[in-house]
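Here are a few exercises to work through with the model open beside you. Try each task before you read its solution.

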Amino acid sequence: MKTLFSGIQPSGIPTIGNYIGALKQFVYIQDEYDCYFCIVDQHAITVPQDKTALRNNIRSLAALYLASGLDPEKVTLFIQSEVPAHAQAGWMLTTIATIGELERMTQYKDKAKDRKDGIPAGLLTYPPLMAADILLYGTDIVPVGDDQKQHLELTRDLATRFNQRYNDILTLPEVRLPEVGGRVMSLQEPTKKMSKSDTNTKGFISLLDPPATVAKKIKSAVTDSDGIVKFDKDNKPGISNLLSIYSIISDITIAELEEKYEGKGYGDFKADLAEVMVNFITQFQEKYNYYMDSEELDHILDRGAEKAAYKANKMLKKMENAMGLGRKR
Ligand code: TYM
């Protein structure tokens, strides 16, 4: 069975962008692969975090993974900092990455420009840690949203470099992007990615927003003035974004939706989408609350860390041997 790995940062409450770009894809493929899903808390601290909020977000993210439909009997769900091999392998890969290639990462450039009080070094060295996450498991595929494509290319470059320089032991992973919804856009500025850290909270729908707030955010989403429900990313980014969201949440194709709303205005379209989203969020939050209130969640994470560490430590040893670290045993 092939291996799949993906991760989400507990740096806030995930949005429906994270759901559509990542979580939803995971559920479809959990039967076909040996799946590792990680709560990447060591990535989250590359920008300052409040420690109480971080702890809450970690547990909450675990419940969100499960509420999305992951079966804890099938997949391995764990917290990155509970498997020290990630930081250890991350360091090794940092030593073979160059400053130039790390500085070219668009996500680094975006995040670095917001840091008025100095750029944390971890923001720059983030991608080798992400590469370690993936490479430790001999991962074949990595399902992510479009914004992680560049990090995946770097992961492959680092693996190739390691294999050529030391020993051919790392598997080159393939990226898997969703067909629709790889980049869900802000509801307020539809040419910008929807982000959980947006200061304008009307721009995103959090998976834990109260249903009434979700409906309001949909109704106040920015569209255009021509009143035609049609997918056209360049000229109608707002409506196109809403169509993608509608299509994925309801499992109706965009073409079918365009047909359904032919001759109708944005008012009807938004009212229906609000209803679809409210139903989805209500059911989702019921499952989330169940896991948050149950001790099962901690047992799942304990088992996950144990299973992940077992596999990761084997690869870590191989990497250390290949590089000549420590003593031969
Ligand atoms: P993060 O936490 O920013 O996002 C988690 C996942 O959600 C996807 N995503 C989106 N998809 C569609 N539309 C959007 N607006 C949107 N925003 C986010 C992301 O592409 C991602 O799949 N570096 C990663 C976390 C990570 C990781 C890994 C991922 C660390 N190690 C190893 C895969 C494998 C990140 O910051 O994702």
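## Exercise 1: Cysteines

A search through the whole structure turns up zero disulfides (pairs of cysteine sulfur atoms within 2.5 Å). This is a predicted model, in which local features need pLDDT of at least 70 and side-chain atom pairs count only at pLDDT 80 or more, while totals for chains, interfaces and linings use all residues. Residues are numbered from 1 along each chain as its sequence is written, and side-chain values use heavy atoms, with hydrogens and water left out.

Task: explain why C38 forms no bond with C35.

Solution:
1. Recall that a disulfide is a covalent bond between the sulfur atoms of two cysteines.
2. The cysteine sulfur closest to that of C38 belongs to C35 and is 13 Å away, so the two are too far apart for a bond.
3. As for exposure, C35 is buried at 0% relative accessibility (buried means under 20% relative accessible area, exposed over 50%, partly exposed in between, with a 1.4 Å probe and protein chains only).
4. C38 is likewise buried, at 0%.

## Exercise 2: A loop threonine

Task: find where T15 lies and which residues it contacts beyond its neighbours within four places in sequence.

Solution:
1. T15 sits in the loop between β1 (3-8) and α1 (16-29); helices (H or I, at least four residues) and strands (E, at least two) are DSSP runs, numbered from the N terminus.
2. Its relative accessible area is 1%, so T15 is buried.
3. With those neighbours set aside, T15 is in contact (heavy atoms within 4.5 Å) with M194, S195, K196, F204, I205, S206 and L207.

## Exercise 3: A helix length check

Task: compare the expected span of α9 with the distance between its end C-alpha atoms.

Solution:
1. Helix α9 (residues 149-165) has 17 residues.
2. The expected span is 1.5 Å times one less than the number of residues, which for α9 gives 24 Å.
3. The end C-alpha atoms of α9 are 24 Å apart, in agreement.
4. Buried residues of α9 include H151, L154, T155, L158 and F162.

## Exercise 4: An unusual phi

Task: describe the backbone and setting of D251.

Solution:
1. Most residues other than glycine have a negative phi.
2. D251, a residue other than glycine, has a positive phi, near 60 degrees.
3. D251 is placed in the loop between α11 (237-250) and α12 (254-260).
4. With 58% relative accessibility, D251 counts as exposed.
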